[in-house]
Amino acid sequence: MTFNDRTTPLALLRTRRSGKARDLIGPGPDAAQLRDMLEIAARTPDHGKLAPWRFVVVPADARDALAARLVDAYRAERPTASALELQTMEQFAQQSPTLVVVLHSPRVGSKIPLWEQELSAGAATMNLLHAAHAHGFAGSWLTGWPAFSDAVRDLFGAAPERIAGFVFIGTPAKPLEERPRPDLDAIVSNWAG
């Protein structure tokens, strides 16, 4: 199977496959391609036109600083962390040529329910993955401990914002592999009224 087949929009959607962040290498998108991806990501369902999300690009020359801050935050929260755990945090920041942090930036006073705003942030993140794949790259949407740490969130924003995900973008170092997909008969039903 060919993954991320760009021959038609439907082919791309049918064959969309994320890459593993640790397996994404250069080249990554150039500045113009990344800007286009972010413009596409912003074309997402957004009840009330609130843009309850934003994107923070972490440039390659800032990755070492991010790695150090992740390690510091992890150590502060988990003082007995093993060397392997700290190494994992350091490596997290170094994956792929391009890293975009997507923040859910809720508009708390809005009449639009926060749940709808969260869904919009998720949709913007998915659109970013689609845009990366449409440009011929692979992307990976990760969360894990860094996405749920207030200290890490504060590197990119402030409460009530939350990290929707870290989107890593690059070129797969090895062929993408399919993963199990749900059986449609198990997840689709018809409402009987």
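Reader: I'm new here, so let me start with the strands. How many bridges pair strand β4 with β5, and in which sense?

Author: Welcome! This is a predicted model. Strand β4, residues 138–142, pairs with β5 over five bridges, in the antiparallel sense. For one facing pair, look at Leu142, whose bridge partner in β5 is Phe166.

Reader: Which strands besides β4 should I look for beside β5?

Author: Try β3, residues 98–104, which runs antiparallel to β5 and is joined to it by seven bridges. There, Val100 has Val167 of β5 as its bridge partner. Then find β1, residues 24–25, which pairs with β5 over two bridges, again in the antiparallel sense. Ile25 stands opposite Thr171 of β5.

Reader: Is β5 itself largely enclosed or open, and why?

Author: A general idea helps when you follow a strand: in a regular strand the side chains alternate between the two faces of the sheet. As for β5, residues 162–172, eight of its eleven residues are buried, so the rest of the structure largely encloses this strand.

Reader: Now a helix. Which residues of α3 are buried, and where do they fall around the axis?

Author: Arg63, Leu66, Ala67, Leu70, Val71, Ala73 and Tyr74 are the buried ones in α3. Looking down the axis, you will see these buried residues fall within an arc of 165°, so they line one face of the helix. The face turned away from that buried side carries the exposed residues Asp64 and Ala76. Along its length, α3 covers residues 63–77 and reaches 21 Å from first C-alpha to last, close to the 21 Å expected at 1.5 Å a residue.

Reader: What should I know about the backbone, and where are the unusual spots?

Author: The general idea is that most residues other than glycine have a negative phi, and most peptide bonds are trans. Here, a cis peptide bond joins Gly26 and Pro27, with omega about 5°; Pro27 sits in the loop between β1 and α2. Another cis bond joins Ala159 and Pro160, with omega about 10°, and Pro160 belongs to the loop between α7 and β5. For positive phi, see Lys49, near 55°, and Ala51, about 50°. Lys49 lies in the loop between α2 and β2, as does Ala51. Lys49 is exposed, at 75% relative accessible area, whereas Ala51 is partly exposed, at 26%.

Reader: Finally, which residues form a nonpolar patch on the surface?

Author: Leu184, Ile187 and Val188 do, with about 310 Å² of accessible area together. Val188 lies in the segment after α8 and is exposed, with a relative accessible area of 51%.

Notes: Residues numbered from 1 in each chain as written. Predicted model: local features only at pLDDT ≥ 70, side-chain atom pairs only at ≥ 80, totals over all residues. Heavy atoms only, no water. Buried < 20%, exposed > 50% of the residue type's maximum accessible area, 1.4 Å probe, protein only. Helix = DSSP H or I, 4+ residues; strand = E, 2+ residues; numbered from the N terminus. Pairing = 2+ DSSP bridges. Patch = residues over 30% accessible without salt bridge, like charges linked within 9 Å, V, L, I, M, F, W, Y side chains within 5 Å. Areas by Shrake-Rupley, 256 points an atom, 1.4 Å probe, with all protein chains shown as cover. Salt bridge = Lys/Arg side-chain N within 4 Å of Asp/Glu carboxyl O. Expected span 1.5 Å × (residues − 1). Arc of directions from axis to C-beta.
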